[in-house]
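Welcome to a short tour of one protein model and the ligand it holds. Have a look at the sequence and the structure first, and then we can walk through them together.

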Amino acid sequence: MLFGSEGMLRRHSQKWDSLLVEFIKEHVCRLKEGENTSSSDFIDVMLQLTNDTGTAFVLTNEQIKAILLDMIAAGTDTFFAILDWSMVELIQNPLVMKKVQDEVRSIAHGEVKVGEEHLGKLSFLKAIIMEVLRLHPPAPLLLPRESLVLINAWAIGRDEVYWNEPHEFKSERFLSGDVDYKGNDFHYIPFGVGRRICPGMQFAISLVVLALANLLHRFDWKLPSGISCEDISMEDSTGFH
Ligand code: HEM
């Protein structure tokens, strides 16, 4: 019996609810004050659907809150897990780190920041992120299906039938572009596959590439003194379940 958990859940849910109501209120106020809507964001678009009678469905505020919560839950831990694992793998593989740092620094040469305009050129960095997603998918068992089948994306990504030296970090394997993460290759499914595939995958990849590129561009990374690569645990956990 988990005593006290119901009260805790209620308090937690009330806190989330008031935060989400606050987000919505802010947007409604801005829309009412007629602020420039040329830069509408996700909440603005959903608010338009609350009173757009021309569409097949109309969203309620409760539904907007649920969608927002879903996006926050699905888009934060996953993103940070990949960023963390990418940094750890690069620290463990100094030659790869040097190679990707050279790529980033030559592409963003003389610029303060790596920007969206550089995204298309960072092919080695993108291959690194794909390799990190193969070895450490943040949702290793994807999401549970109604049929109760669990799909072990983590094991599929390490299956020697499909991958040469599956436990080695070899980002070059993705450079040819033969395999992608969009659900076309069933042996590589870090974002899932089919109708439930992650709707945030393109956004997530761009965000991770940008974040890592900027960290590599502006900083030289090393472990704190007294800590060596062997001290870092490379064990995966159960992910976001
Ligand atoms: C590296 C980052 C991410 C990874 C690895 C990831 C992975 C996944 C996976 C494996 C699923 C389940 C797919 C399935 O069961 O077939 C999923 C679902 C989902 N993801 Fe992501 N995700 C990431 C980032 C994001 C971001 C940034 C967002 C939104 C901003 C997002 C929104 C969602 C939503 C809403 C679902 C549920 C879709 C549904 O049930 O129909 N994800 N994601």
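The space taken by the ligand is the largest pocket. On a 1 Å grid over the protein atoms alone, a pocket is an open set of points with protein on both sides within 12 Å along at least five of seven lines. A molecule sits in a pocket if more than half of its atoms lie within 2 Å of its grid points.

Before going further, a word on the source: this is a predicted model, in which local features need pLDDT of at least 70 and side-chain atom pairs count only at pLDDT 80 or more, while totals for chains, interfaces and linings use all residues. Residues are numbered from 1 along each chain as its sequence is written, and side-chain values use heavy atoms, with hydrogens and water left out.

**Around the ligand**

Which elements give two or more residues to the shell around the ligand? They are α3 (61-92) and α7, and α3 gives the most, with five residues. Helices here are DSSP runs (H or I, at least four residues), numbered from the N terminus. A residue is near the ligand if one of its heavy atoms lies within 4 Å of it. Of the 21 residues around the ligand, those that come nearest are Leu143, Arg145, Pro190, Arg196 and Cys198.

Polar atoms of the protein also meet the ligand. The table lists three such pairs, each a polar contact (N or O atoms within 3.5 Å).

| Residue | Protein atom | Ligand atom | Distance |
|---|---|---|---|
| Arg145 | polar side-chain atom | oxygen | 2.5 Å |
| Arg196 | polar side-chain atom | oxygen | 2.6 Å |
| Ala74 | polar backbone atom | nitrogen | 3.5 Å |

Arg196 deserves a second look. Its place is in the loop between α6 and α7, and at 53% relative accessibility Arg196 counts as exposed. For these labels, buried means under 20% relative accessible area, exposed over 50% and partly exposed in between, with a 1.4 Å probe and protein chains only. The C-alpha atoms of Arg196 and Gly157 are separated by 19 Å, and the two residues are 39 residues apart along the chain.

**The chain as a whole**

Stepping back, the protein chain has seven helices and zero strands. Along the sequence this reads as α-α-α-α-α-α-α. Its C-alpha atoms fill a box of roughly 55 × 55 × 40 Å, taken along the principal axes. Of the 241 residues in the protein chain, 33% are buried.

One helix to find is α4 (residues 94-107), which includes Pro94. At 55% relative accessibility, Pro94 counts as exposed. Pro94 and Gln48 are 46 residues apart in sequence, and their C-alpha atoms are 49 Å apart in space.

**Rings and charges**

Five aromatic pairs are present in the structure. The rings of Trp163 and Tyr188 have their centres 6.0 Å apart and their planes at 70°, so this pair is edge-to-face. Rings of Phe, Tyr and Trp (its six-membered ring) pair if their centres lie within 6.5 Å, and planes under 30 degrees apart count as stacked, over 60 as edge-to-face and the rest as tilted. Both Trp163 and Tyr188 lie in the loop between α6 (153-157) and α7 (201-218), so the pair ties together parts that are 25 residues apart in sequence.

Are these two rings in buried or exposed residues? Trp163 is buried, with a relative accessible area of 7%, and Tyr188 is buried too, at 1%. Together with Phe174, Trp163 and Tyr188 form one aromatic cluster.

Trp163 has a charged partner as well: Arg134 lies over the face of its ring, at 5.2 Å from the ring centre. The charged end of Lys182 sits over the ring of Tyr181, 5.8 Å from its centre. A charge sits over a ring if NZ of Lys or CZ of Arg is within 6 Å of the ring centre and within 35 degrees of the ring normal.

Arg134 also leads us to Glu131, since their side chains make a polar contact at 2.8 Å. Glu131 is in helix α5 and is buried, with a relative accessible area of 0%.

**Two backbone angles**

Most residues other than glycine have a negative phi. Leu142, however, has a positive phi near 50°. Leu142 is in the loop between α5 (123-135) and α6, and it is buried, with a relative accessible area of 5%. Glu165 also has a positive phi, of about 45°, although it is not a glycine. Glu165 is found in the loop between α6 and α7 and counts as partly exposed, at 39% relative accessibility.

Definitions and conventions: Polar contact = N/O pair within 3.5 Å; in protein donor to acceptor, adjacent residues only side chain to side chain. 1 Å grid on protein atoms, 1.4 Å probe; cavity = no way out; pocket = protein on both sides within 12 Å on 5 of 7 lines; lining within 4 Å.
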